[in-house]
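Biologist: I should like to learn how to read a structure of this kind. Could you take me through it, feature by feature?

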Amino acid sequence: MILQECREEDLALLELHNPSPGQTRYHEARLKRQQQGLSTFLIAWIDDVPVGSGEVRWHGCAAAEVHERYPDCPELNGLSVWPPQRQSHGIGTAIIQTAETLAAERGYYHIGLGVDDQNPRAAALYLRLGYKETGCRYLDRYHYIDDHGTRHDIADPCRFLIKPLRTRQADD
Ligand SMILES: CC(C)(COP(=O)(O)OP(=O)(O)OC[C@H]1O[C@@H](n2cnc3c(N)ncnc32)[C@H](O)[C@@H]1OP(=O)(O)O)[C@@H](O)C(=O)NCCC(=O)NCCS
């Protein structure tokens, strides 16, 4: 498996193997944020096929409830591994660990992520990897545009988990 930052030429394969709903273009939006320096959009590849992704948002979680409490904590957003047969083979863990390394290299002391109340298996994975409950609950708001051009706004109840990172000493 190869893990690398998304490139412009990856978008078509990402949409093919993990299609955005309707007229939405989630991968393109994530790449745009990376190009603006707001995030690092990691893609996992096996045999030249994209099988997973996750976006490290350097300015943290967009939800005000989280941002006010953790203004200096980057967020791993949109972690996903596809198709389902590829899950539970360590790809998600590899993306998480790479995100943690990148955050530590930038000097951050923590990294965080949100987990949906309906996703106890993902929560179990994050807790196993050292993420801690913060008690910080919020609505993860996003939208998609369906095939007819109608916008649908979603608000999923989530909780924010954080993991302390070992950062390098200044004189390392
Ligand atoms: C959650 C997810 C990113 C984890 O990636 P992964 O490559 O499957 O994870 P790993 O193989 O490194 O670790 C597997 C563990 O993840 C957890 N897990 C969470 N959701 C899971 C799912 N839908 N399917 C399989 N495992 C899942 C389990 O604890 C699992 O442990 P197990 O294999 O002993 O059952 C991936 O399963 C996925 O894309 N799920 C659907 C989308 C999703 O839930 N995204 C997370 C949003 S917070």
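The dialogue below goes through the ligand, its surroundings and some individual residues.

Biologist: What should I know about the model and its numbering before we begin?

Modeller: This is a predicted model, in which local features need pLDDT of at least 70 and side-chain atom pairs count only at pLDDT 80 or more, while totals for chains, interfaces and linings use all residues. Residues are numbered from 1 along each chain as its sequence is written, and side-chain values use heavy atoms, with hydrogens and water left out.

Biologist: Which residues come nearest to the ligand?

Modeller: A residue is near a molecule if one of its heavy atoms lies within 4 Å of it. Here 17 residues surround the ligand, and Val81, Gly90, Gly92, Thr93 and Asn119 come nearest.

Biologist: How are those residues divided by character?

Modeller: Ala, Val, Leu, Ile, Met, Phe, Trp, Tyr, Cys and Pro count as nonpolar, Asp, Glu, Lys and Arg as charged, and the others, Gly among them, as polar. The shell around the ligand holds 6 nonpolar, 9 polar and 2 charged residues.

Biologist: Which side chains have polar atoms facing oxygen atoms of the ligand, and at what distances?

Modeller: A polar contact is a pair of N or O atoms within 3.5 Å; within protein, one must be able to donate a hydrogen and the other to accept it, and residues adjacent in sequence count only if both atoms are side-chain atoms. For Asn119, a side-chain N or O atom is 2.6 Å from a ligand oxygen. Arg121 places a polar side-chain atom 3.0 Å from an oxygen of the ligand, and for Arg128 the corresponding distance is 3.4 Å. The protein covers 75% of the 820 Å² of accessible area that the ligand has on its own, by the Shrake-Rupley method with a 1.4 Å probe.

Biologist: Which elements give two or more residues to the shell?

Modeller: Helices (H or I, at least four residues) and strands (E, at least two) are DSSP runs, numbered from the N terminus. Strand 4 (75-81), helix 4 (91-105) and helix 5 (120-128) each give two or more residues to the shell. The largest share, 5 residues, comes from helix 5.

Biologist: How does one read whether a residue is buried or exposed, for instance Thr40?

Modeller: Buried means under 20% relative accessible area, exposed over 50%, and partly exposed in between (1.4 Å probe, protein chains only). Thr40, in strand 2, is buried because its relative accessible area is 4%. Its side chain is joined to that of Trp58 by a polar contact of 3.0 Å. Tyr26 belongs to helix 2 (residues 26-35) and, at 27% relative accessibility, is partly exposed.

Biologist: Where do backbone features such as a cis peptide bond or a positive phi appear?

Modeller: The peptide bond from Trp82 to Pro83 is cis, with omega near -15°. Pro83 is in the loop between strand 4 and helix 4, and Ser88 also lies in the loop between those elements. Ser88 is not a glycine, yet its phi is positive, about 65°; Ser88 is exposed, with a relative accessible area of 68%. Asp47, likewise not a glycine, has a positive phi near 50°. Asp47 occupies the loop between strand 2 (39-46) and strand 3 and counts as exposed at 68% relative accessibility.

Biologist: How far apart are Val49 and Arg121?

Modeller: Along the chain they are 72 residues apart, and their C-alpha atoms are separated by 25 Å. Val49 is in strand 3 (residues 49-57).
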